[in-house]
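The exercises below are meant to be worked through with the sequence and the coordinates side by side. Try each task before reading its solution.

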Amino acid sequence: MKLATLKTGGRDGSLVVVSRDLKTYQRVPKIAASLQHALDNWDITAPRLREVYAMLNDGTALAAQPFDAADFHSPLPRAYQWADGSAYINHVELVRKARNAEVPESFYTDPLMYQGGSDSFVGPRDPIAVQSEEWGVDLEAEVAVITGDVPMGASPERAAQEIRLVMLVNDVSLRNLIPNELAKGFGFFQSKPASAFSPVAVSPDELGDAWQDSKLRLPLSVTLNGQPFGRPNAGEDMTFSFAQLVAHAAKTRELIAGSIIGSGTVSNKQGSLNGSSIANGGVGYCCIAEVRTYETIETGSPKTPFMKFGDTVRIEMFDKDGASIFGAIDQKVEPYVERAR
């Protein structure tokens, strides 16, 4: 099934069920007021939500309304937990190679993960709002999952059972703020502004054979300023599955329902800079930093600029028939303006 959160009903929005073709939706206030409410009571709410989903798909829903992604929050407008991994070691290898650094052996067996800000996400059509484009605004196209309750010390097999929903994410980075933060030895904070998630979150069963071994095995489409930028396969070169990432996050703590775990920037192994871009026959990239890394390795310095005010990014995934699965994250970089609450 497919679930989304309408921008009504306060900070947590209103839960709706969305049709498979993303053309209609139906509110479900008698089942759950919000997605968090549904996740907290999943055994009760999920079967009822699936009934609504079936009626939307067969055209028998009585209160269906036209779906417009601009009307929606990220599926969880705020969450109790947002932890992002780095499951694609190719991305780590490239970044380290650009600065002549080796990848520690432990990175291949022990996932990298940081705890992001989850008190306020932005909607899939909301701007990337920053106070200065000099901060080095970069997109990061990723896949993420929402969990149920995960016990401390859960095995990957148990963690896989607690994956409730799958979605896409633009985990924006402010690249020029990262070096000073990491130099302090205490991780990301100011360099990681609010993330945006796809309009729709999808249950794993809805993905069919594209969901295998807790990996989403489809290309992730990224366009930058209207031009093809990336289409790497999210299931390839993924060193750690989502089951492993969730288990890693739960090693020393319980994860409560509604926790979000990200994959990190999707990245496939490729050849040289001249063969990695879509224009040159490659699968392209899911962040600008990766292009700049290729440029640094092969020419001695980066050439591609980070995003500026007015630049746009679109992140989307299509099924084998070419239909959008999650809807699109479609954002423009804009100067920050304080919002009324």
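Helices and strands are here DSSP runs, numbered from the N terminus, with at least four residues for a helix and at least two for a strand. The model is a predicted one.

**Exercise 1. Place Thr265 in the fold, and describe its surroundings.**

Step 1: Begin with the secondary structure, where Thr265 is found in the loop between strand S18 (260-262) and helix H7 (273-276).

Step 2: Turn to solvent exposure, for which the cut-off for buried is under 20% relative accessible area; Thr265, at 3% relative accessibility, therefore counts as buried.

Step 3: List the contacts, leaving out residues up to four places away in sequence, and Thr265 is seen to touch Tyr88, His91, Glu140, Ala141, Glu142, Cys286 and Cys287. With one of these, Glu140, there is a polar contact between side chains, at 2.3 Å.

**Exercise 2. Decide how many disulfides the model holds, and examine Cys286 and Cys287.**

Step 1: Apply the criterion, a pair of cysteine sulfur atoms within 2.5 Å, and the count comes to 0 disulfides.

Step 2: Check Cys286, which is in no disulfide, the nearest cysteine sulfur being that of Cys287, 7.5 Å away. Seen from Cys287, the closest cysteine sulfur is in Cys286, and the 7.5 Å between them is too far for a bond.

Step 3: Consider exposure, where Cys286 is buried with a relative accessible area of 0%, and Cys287 is likewise buried, with a relative accessible area of 0%.

**Exercise 3. Reconstruct the open sheet that contains S19, and identify the strands at its edges.**

Step 1: Take S16, which pairs with strand S19 (residues 312-317) in the antiparallel sense over 5 bridges. Within this pairing, Ser221 has Glu316 as its bridge partner, and Leu224 has Val313.

Step 2: Continue from S19 to strand S20 (residues 329-335), to which S19 is joined by 4 bridges in an antiparallel arrangement; here Ile315 stands opposite Ile329.

Step 3: Assemble the order, which is S7-S20-S19-S16-S17, an open sheet of 5 strands with mixed pairing. Strand S7 (128-130) and S17 each have a single partner strand and stand at the edges, so one side of each is left without a neighbour in the sheet. From one strand to the next, the twist averages 25°.

**Exercise 4. Compare the settings of Leu22 and Asn225, two residues other than glycine with a positive phi.**

Step 1: Recall the background, that most residues other than glycine have a negative phi.

Step 2: Read off the angles, with phi near 60° for Leu22 and near 55° for Asn225.

Step 3: Locate the residues, Leu22 in the loop between strand S2 (14-18) and strand S3 (24-27), and Asn225 in the loop between strand S16 (220-224) and strand S17 (227-230).

Step 4: Assign exposure, by which Leu22 counts as buried at 12% relative accessibility, whereas Asn225, at 39%, counts as partly exposed.

**Exercise 5. Determine how far helix H6 (residues 242-249) is covered, and what its buried residues pack against.**

Step 1: Count the buried positions, which number 6 of the 8 residues, so that H6 is mostly covered.

Step 2: Name them, as Phe242, Ala243, Leu245, Val246, Ala247 and Ala249.

Step 3: Follow their packing, which is against strand S6 (113-115), strand S9 (141-147), helix H4 (156-161), strand S10 (163-170), strand S14 (211-212) and S18.

Note on methods: Residues numbered from 1 in each chain as written. Predicted model: local features only at pLDDT ≥ 70, side-chain atom pairs only at ≥ 80, totals over all residues. Heavy atoms only, no water. Buried < 20%, exposed > 50% of the residue type's maximum accessible area, 1.4 Å probe, protein only. Polar contact = N/O pair within 3.5 Å; in protein donor to acceptor, adjacent residues only side chain to side chain. Contact = heavy atoms within 4.5 Å. Pairing = 2+ DSSP bridges. Axes fitted to C-alpha atoms, helices over the stretch in contact; angles between N-to-C directions.
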